[in-house]
Amino acid sequence: MNKEYNTVQFEKDLKEFGIELSEKQREQFLLYYELLIEKNQVMNLTAITDYDEVMKKHFVDSVSLVRACDMKRGISVVDVGTGAGFPGLALKIVFPDLRVTLLDSLNKRVLFLKEVVEKLGLKEVTALHGRAEDLARQKELRERFDLCVSRAVANLSTLSEYCLPFVKVGGSFISYKSEKISEELPLAENAIQVLGGKIKDQVSFYLPDSDIYRNLFVVEKIKQTPKKFPRKAGIPGKEPL
């Protein structure tokens, strides 16, 4: 790495979630940051580039999932609309036993993710290019995952149609939200039920040493998603269930 970074606040934040990094994990996060900033000069990956802000608003935020989910050894995780790899890659660094699949609709981002995975030496990480509506119909991906996560910006009804088809019965879908979603809930309840899910939990908190509000919305998969879902690409966003 080209320069020294002060990781004191970052590691303090993670300790709030009961996480202590090894030297290798610390180096992986710092290299990830450098690769992100370097690639961001030629393509739009993030509007947040300040070191401390990336650590807090991307890395710590991604790992905050532990507030709502027990990250058991070796579970399979799919990250829908992963963008620059949040939360999936950050979770993989902290929990190396996870089997992670990253999905994004922009191939340039997927190529970046593959480069990061290679340079960080991460194993059991797959990055796939495609829309969630199309990928969720593939036999090797449909209802194959213990956990689906998404920080993508969409209403909960739409996100549920993107995400629940990937989750096996007994697994969970967790949506990261940055606002109170009380208005979305009544509209989303029907969609979640139709797609085979059940609202399980809602965990609200502030990121450590900040006024950044977070809301993790947990949906349990209790039965198979009907084969007609997800609908064709573009429809879930325009016409939420």
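**Figure 1. Accessible surface and overall dimensions of the predicted protein chain.** The accessible surface of this predicted model comes to about 11,600 Å², as obtained by the Shrake-Rupley method with a 1.4 Å probe, where for residues only the protein chains shown count as cover. Carbon and sulfur atoms contribute 47% of that surface. Of the 241 residues, 55% are buried (under 20% relative accessible area; exposed is over 50% and partly exposed lies in between, with a 1.4 Å probe and protein chains only). The radius of gyration is 17 Å, which agrees with the value near 18 Å for a compact globule of 241 residues; the radius is taken over C-alpha atoms, and the globule rule is 2.2 Å times the number of residues to the power 0.38. Along the principal axes, the C-alpha atoms fill a box of roughly 50 × 35 × 30 Å. Residues are numbered from 1 along each chain as its sequence is written. In this predicted model, local features need pLDDT of at least 70 and side-chain atom pairs count only at pLDDT 80 or more, while totals for chains, interfaces and linings use all residues; side-chain values use heavy atoms, with hydrogens and water left out.

**Figure 2. Surroundings of Ser160 in helix α7.** Helix α7 spans residues 156–163 and includes Ser160; helices (H or I, at least four residues) and strands (E, at least two) are DSSP runs numbered from the N terminus. Ser160 is buried, with a relative accessible area of 0%. Apart from neighbours within four places in sequence, Ser160 is in contact (heavy atoms within 4.5 Å) with Pro165, Phe173, Ile192 and Leu195.

**Figure 3. The two faces of helix α8.** In helix α8 (residues 184–194), the buried residues are Glu184, Leu185, Ala188, Ala191 and Ile192. These residues lie on the same side of α8, because they cover an arc of only 125 degrees around the axis, the arc being that of the directions from the helix axis to the C-beta atoms. They pack against α7, β5 (167–177), β6 (197–206) and β7 (213–221). The face turned away from this buried side carries the exposed residues Pro186, Leu187 and Gln193. Just after α8, Gly196 adopts a positive phi of about 95 degrees.

**Figure 4. The hairpin of β6 and β7.** Strands β6 and β7 pair in the antiparallel sense over 9 bridges; pairing requires that DSSP find at least two bridges between two strands. Asp201 stands opposite Val218 in β7. The hairpin has 6 residues between its strands, and Asp209 in the turn has a positive phi of about 50 degrees.
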